[in-house]
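I opened the model today and worked through it one place at a time. My notes follow in the order I looked things up.

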Amino acid sequence: MTERTGRRRVLLKLSGEAFGAGQLGVNPDVVSQMAREIAAAVDRVEVAVVVGGGNFFRGAELSQRGMDRGRADYMGMLGTVMNALALQDFLEQAGAATRVQSAIAMTQVAEPYIPRRAERHMEKGRVVIFGAGAGLPYFSTDTVAAQRALEIGAKEVLVAKNGVDAIYTADPNKHADAERIERVTYRDALQQGLKVVDSTAFSLCMDNNMDMRVFGMEPAGNVTRALLGEPIGTLNTP
Ligand code: UDP
C-alpha cells in the first residue's frame, strides 16, 4: 500500500510480442483488450507499465545480422515507444487517464522519465507507461521493469506472458513432461536456468527484495486479476 492513497502499487510488464500478436507491428484488437483490462483495475490499484518492443526490433538479433549492437538496441528502444503510444491511445479510449514517460528525450510525444512525477501521476489515478527501456543499450525491458518497480516503490512486478500461463521446468509447448511451478526463489530460478524472464531482472529483484509474478495474458481477464492481486501464474520470491 502506498502511504498517501492506501492503494496497492504495481508495475506491469507487457512484452512487445503481445502488442504484435506474434507479428511485426501493433495489433489494435490485442492492445485494446490489454488496455480495457488495465482500465478495469485502475480505481483500485496504482499501475505503471513497462512495455517491450520485440514486435519491432530486438537489438541482439539485428546485431547477429551485422548491425552495430548499440545502434540496434536504440532501434529496439524506439520500438517500445511506439507500443507505449498505442497503449496510451487505447487506455484513454477505455476511460483511463495516462502519461507516457520516455527514457530517451522526445518531448513532443512523452514526458521525460522522472520517477517522482510518475509517482504523483499514479497517486492521481493515472496509468504511467514507461517507454524507451532504460535508455541504455545491452539492457532488456524485463530488467527495466524490475528497476522501475524498485524506483517507484511498487509492491511487485507483474510479468504478463504470451503462450504460457506460468513458469515451468521446461518449455511446456515443447516438452510434455514440463512441470508447472507455483512458487520459486530467484536463486533456484537462476540455478535451474528458468528462462522466462532474463537473469538480470531476476537478480535485481533478488538483491532488492522485490516479488515478481509471471502469468499468462490468456484467458481474457487475467491482466485485471493479476493487477488486483489474485495469485495466478508463478510467484518468484527473494
Ligand atoms: N532495449 C535496450 N535497452 C533497454 C530496453 C530495451 O537496448 O533498456 C532494446 C533491446 O534491443 C531489446 C529491444 O529494446 O531487444 C526491445 O526490448 P525487449 O527485447 O526487452 O522487448 P520484449 O522482449 O519485452 O518485447
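**Entry 1: Thr143**

I began with the contacts of Thr143. Setting aside residues up to four places away in sequence, I found that Thr143 touches Asp198, Thr200, Ala201 and Leu204. The model is a predicted one, so I kept to local features with pLDDT of at least 70. Thr143 sits in helix α6. Is Thr143 buried or exposed? I counted 23 other C-beta atoms within 10 Å of Thr143, and 20 or more is the cut-off, so Thr143 is buried. I also checked a distance to Ser199. Thr143 and Ser199 are 56 residues apart in sequence, and their C-alpha atoms are 8.4 Å apart in space.

**Entry 2: helix α8**

Next I went to α8, which covers residues 199–207. Which residues of α8 are buried? I noted Ala201, Phe202, Leu204 and Cys205. These four lie on the same side of α8, because they cover an arc of only 165 degrees around the axis. Then I looked for what covers them. The cover includes α6, β6 (156–161), α7 (186–191), β10 (211–216) and β11 (234–237). Two of the contacts I had listed for Thr143, Ala201 and Leu204, are among these buried residues of α8. After α8 comes Asn209, and its phi is positive, near 65 degrees.

**Entry 3: the loop between β5 and α6**

I looked up three residues here. Gly133 is in the loop between β5 (127–131) and α6. Ala132 has its place in the loop between β5 and α6, and Tyr138 is found there too.

Gly133 came up first. I counted 32 other C-beta atoms within 10 Å, so Gly133 is buried. Beyond its neighbours within four places in sequence, Gly133 is in contact with Met77, Thr80, Ala103, Phe139, Thr141 and Val144. For a distant pair I took Pro231. Gly133 and Pro231 are 98 residues apart in sequence and 27 Å apart in space, C-alpha to C-alpha.

What is the phi of Ala132? I read a value near 70 degrees, which is positive in a residue other than glycine. Ala132 is buried, with 28 other C-beta atoms within 10 Å.

Tyr138 also has a positive phi, about 70 degrees, although it is not a glycine. Is Tyr138 buried or exposed? I counted 12 C-beta neighbours inside 10 Å, so Tyr138 counts as exposed.

**Entry 4: the ligand shell**

I turned to the ligand. How many residues surround it? I listed 22 residues, and the closest are Gly16, Gly52, Gly59, Gly76 and Gly133. Gly133, from the loop in my last entry, is thus back on the list. By class, I sorted the shell into 7 nonpolar, 11 polar and 4 charged residues. Which helices supply at least two residues each? I found α1 (16–20), α3 (59–64), α4 (69–93) and α6 (141–151). The largest share of the shell, 4 residues, comes from α4.

**Entry 5: the nonpolar core**

I then checked the largest nonpolar core, which has 69 residues. Which residues have the most contacts inside it? They are Ile38, Val47, Val49, Leu87 and Val157. α4 gives the largest share of this core, 7 residues. So I had now met α4 as the largest contributor to the ligand shell and to this core.I followed Ile38 further. Leaving aside neighbours within four places in sequence, Ile38 is in contact with Val47, Leu91, Ala96, Val127, Val223 and Leu227.

**Entry 6: a cis peptide bond**

I looked for the peptide bond between Glu218 and Pro219. It is cis, with omega about -5 degrees. Where is Pro219? I placed Pro219 in the loop between β10 and α9 (222–227).

**Entry 7: the whole chain**

I closed with the protein chain as a whole. Its secondary structure comes to 9 helices and 11 strands. The C-alpha trace spans about 45 × 45 × 35 Å along its principal axes. What radius of gyration does the protein chain have? I noted 17 Å, which agrees with the value near 18 Å for a compact globule of 238 residues. Of the 238 residues, 46% count as buried. Last, I looked at contacts between residues at least 6 apart in sequence. Of these, 70% join residues at least 24 apart.

Notes
Residues numbered from 1 in each chain as written. Predicted model: local features only at pLDDT ≥ 70, side-chain atom pairs only at ≥ 80, totals over all residues. Near = placed C-beta within 6 Å. Nonpolar A, V, L, I, M, F, W, Y, C, P; charged D, E, K, R; others polar. Core = buried A, V, L, I, M, F, W, Y, C linked by C-beta atoms within 7 Å. Contact = placed C-beta atoms within 7 Å. Rg over C-alpha atoms; globule rule 2.2 N^0.38 Å. Arc of directions from axis to C-beta.
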